[in-house]
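Reader: I should like to go through this chain step by step, from its fold to its surface. Please reason briefly before each answer.

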Amino acid sequence: QAILKQLNLLKESGNKKVKEAFARVPENTAPEHVQEEALAYLAQHNPELGIVKRLIAWFRDAIRNILG
């Protein structure tokens, strides 16, 4: 949730890379999936961004918790 909130703040502040990621989301994407799709595009094309690094860290922690 916090990562998606940060994504929205970056979009609202006019971050060019985030806006480009949102523009790549197909128009027929369900509204409840638009943020996740934009974040996926952002991670794919801009892995150096802080928000992407946070996403990767969260994902690693989630996997560690699952695998024990």
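Reader: How many helices and how many strands are in the chain?

Author: The model is a predicted one. Read along the sequence, its elements follow the pattern α-α-α-α. The count is therefore four helices and zero strands, helices and strands being DSSP runs.

Reader: Which helices supply at least two residues each of the largest nonpolar core?

Author: The largest nonpolar core has 14 residues, and L7, L39, L42 and I51 have the most contacts inside it. At least two residues of this core come from each of α1 (2-12), α2 (16-24), α3 (34-45) and α4 (50-67).

Reader: With which residues is L39 in contact, leaving aside its neighbours within four places in sequence?

Author: L39 is among the residues with the most contacts inside the core. Once its neighbours within four places are set aside, the contacts of L39 are I3, L4, L7, I51 and L55.

Reader: Is L67 buried or exposed?

Author: L67 lies in helix α4. In soluble globular proteins, nonpolar side chains tend to be buried together. The relative accessible area of L67 is 71%, and exposed means over 50%, so L67 is exposed.

Reader: Which residues form a nonpolar patch on the surface, and what is their accessible area together?

Author: The chain as a whole has an accessible surface of about 5,100 Å², with 54% belonging to carbon and sulfur atoms. The patch is formed by W58, F59, I63, I66 and L67, and their accessible area together is about 610 Å².

Reader: What share of the residues in the chain is buried?

Author: The chain has 68 residues. Buried means under 20% relative accessible area. The buried residues make up 24%.

Key:
Residues are numbered from 1 along each chain as its sequence is written. This is a predicted model: local features need pLDDT of at least 70, side-chain atom pairs count only at pLDDT 80 or more; totals for chains, interfaces and linings use all residues. Side-chain values use heavy atoms; hydrogens and water are left out. A nonpolar core is a set of buried Ala, Val, Leu, Ile, Met, Phe, Trp, Tyr and Cys residues joined through side-chain atoms within 4.5 Å. Buried means under 20% relative accessible area, exposed over 50%, partly exposed in between (1.4 Å probe, protein chains only). Contact means heavy atoms within 4.5 Å. Patches are made of residues with over 30% relative accessible area and no salt bridge: like charges are joined within 9 Å, nonpolar side chains (Val, Leu, Ile, Met, Phe, Trp, Tyr) within 5 Å. Accessible areas come from the Shrake-Rupley method with a 1.4 Å probe; for residues, only the protein chains shown count as cover. A salt bridge is a side-chain nitrogen of Lys or Arg within 4 Å of a carboxyl oxygen of Asp or Glu.
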